[in-house]
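Visitor: I'd like to learn how to read pockets, cavities and surface patches. Could you walk me through an example?

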Amino acid sequence: YALVNRVHDKAGDWRAVAPEQYWAAKKVVNAVYHPDLGEPIAAPFRFSAFLPMNMTVLFCMLHPSMQGKAQLFWQWVNQSNNVAQNYANRNATVPVEKEQIAVSYALAVGTSCGVSELGGRFVKKLGARATVAHRVMVPYSAVAIASLANVGLMRSTDFMKGVQVLDEETREPVEGLSRVAGATAVGQVAVSRVLVPLPLMTVPPLTVNFLRKMGMHARYENPASIAVIMVMLLVATPMALAVFPQETRMAVSSLEKDFQGKKNSKGNEITHIVFNKGL
């Protein structure tokens, strides 16, 4: 823990730390500390806790018996967790108002439950014609649409007021807030939030249905579903999040005119900036 704090402290003496110790500690720091606030993220909302926090929720949302009110309940649980994760892993260079969090939460829950209810009615109307794909797309659509609404409102300050950007060379803050960078960050997070649940909510039920047709006994369906969900959480989630790096790099020429021609503390013209897009 002392080494982690030491690595996190930018004024620390790097020469006294072996390279392997430094990278091991930095990996822990990146997983635990918020890049803007420099404070530990609450353990349940770190992305390293994504698997244990989502295993039960995903299983219950995808289980065939979870229909009607039960499906709405697990949609509420899922969106409550998502809102907390969005807030804990946000770009924190611009404060978020409590009212904004409350409205974002209400919108995410209302959207997911509404889409889930409408989708459930649609599947009921199909009756025997309803395929596994139809049943899979209902919870996924509810989660994806609610995630877009959630991110758009929770992070609205980023593209309306802008975010703090850093000079790539010196890592020093550049004066002013960039709305272009903020819009880029929100767009990338929105795409990631749609991609993350796609394999998690489609592959497990489709796989179990395939195994059922191949003759798998009903007693093994739940263990098989849990196993596939776990594999998807371990493999697909990092891949979806890696589509866009957490630290985004942009050329100054693509930002607002206010950022053009500025120089850093070394007297060099700032050509590229970086910023935390959030997760």
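Visitor: Let's start with the second largest pocket: which element gives the largest share of its lining, and how many residues is that?

Guide: Keep in mind that this is a predicted model. To read a lining, see which elements its residues come from. Here α5 (98-126) leads with 6 residues. At least two residues each also come from α3, α4 (69-88), α6 (132-154), α9 (197-213) and α10.

Visitor: Which residues lie nearest the centre of that pocket, and what is its volume?

Guide: Leu62, His63, Pro64, Gln67 and Arg135 lie nearest the centre, out of 30 lining residues. The volume is about 680 Å³. By class, the lining splits into 15 nonpolar, 9 polar and 6 charged residues.

Visitor: And the largest pocket: what volume does it have, and which elements line it?

Guide: Its volume is about 1400 Å³. The lining counts 41 residues, with Lys26, Asn30, Tyr33, Pro35 and Gln246 nearest the centre. Two or more of the lining residues come from each of α1 (2-8), α2 (19-32), α3 (50-62), β1 (163-167), α10 (221-241) and β4 (272-276). As for chemistry, 23 of the lining residues are nonpolar, 12 polar and 6 charged.

Visitor: Now for enclosed space. How many cavities of 30 Å³ or more are there?

Guide: A cavity is space where a 1.4 Å probe fits but cannot get out, whereas a pocket is open. The count here is 3 cavities of 30 Å³ or more. The largest holds about 170 Å³ and has 16 lining residues; Phe50, Asn82, Val143, Val196 and Pro197 are the ones nearest its centre. Two or more lining residues come from each of α3, α4, α6 and α9, and α3 gives the most, with 4.

Visitor: What classes of residue line that largest cavity?

Guide: You'll find 10 nonpolar, 5 polar and 1 charged there. Now try the second largest cavity, with about 40 Å³ of space: its lining has 2 nonpolar, 3 polar and 3 charged residues. Those residues are Arg90, Asn91, Val96, Gln100, Met154, Arg155, Thr157 and Asp158.

Visitor: Last, the surface. Which residues make the nonpolar patch?

Guide: Ile226, Met230, Val231, Leu234, Val235 and Met239 make a patch of about 530 Å².

Visitor: Take Met239, then: why does it count as exposed?

Guide: Exposed means over 50% relative accessible area. Met239, in helix α10, counts as exposed because its relative accessibility is 57%.

Terms used:
Residues are numbered from 1 along each chain as its sequence is written. This is a predicted model: local features need pLDDT of at least 70, side-chain atom pairs count only at pLDDT 80 or more; totals for chains, interfaces and linings use all residues. Side-chain values use heavy atoms; hydrogens and water are left out. On a 1 Å grid over the protein atoms alone, a cavity is a set of points where a 1.4 Å probe fits but cannot get out, and a pocket is an open set with protein on both sides within 12 Å along at least five of seven lines; lining residues have an atom within 4 Å of a point. Grid points are joined across faces, edges and corners, and a volume is the space filled by probe spheres set on the points. Ala, Val, Leu, Ile, Met, Phe, Trp, Tyr, Cys and Pro count as nonpolar, Asp, Glu, Lys and Arg as charged, and the others, Gly among them, as polar. Patches are made of residues with over 30% relative accessible area and no salt bridge: like charges are joined within 9 Å, nonpolar side chains (Val, Leu, Ile, Met, Phe, Trp, Tyr) within 5 Å. Accessible areas come from the Shrake-Rupley method with a 1.4 Å probe; for residues, only the protein chains shown count as cover. A salt bridge is a side-chain nitrogen of Lys or Arg within 4 Å of a carboxyl oxygen of Asp or Glu. Buried means under 20% relative accessible area, exposed over 50%, partly exposed in between (1.4 Å probe, protein chains only).
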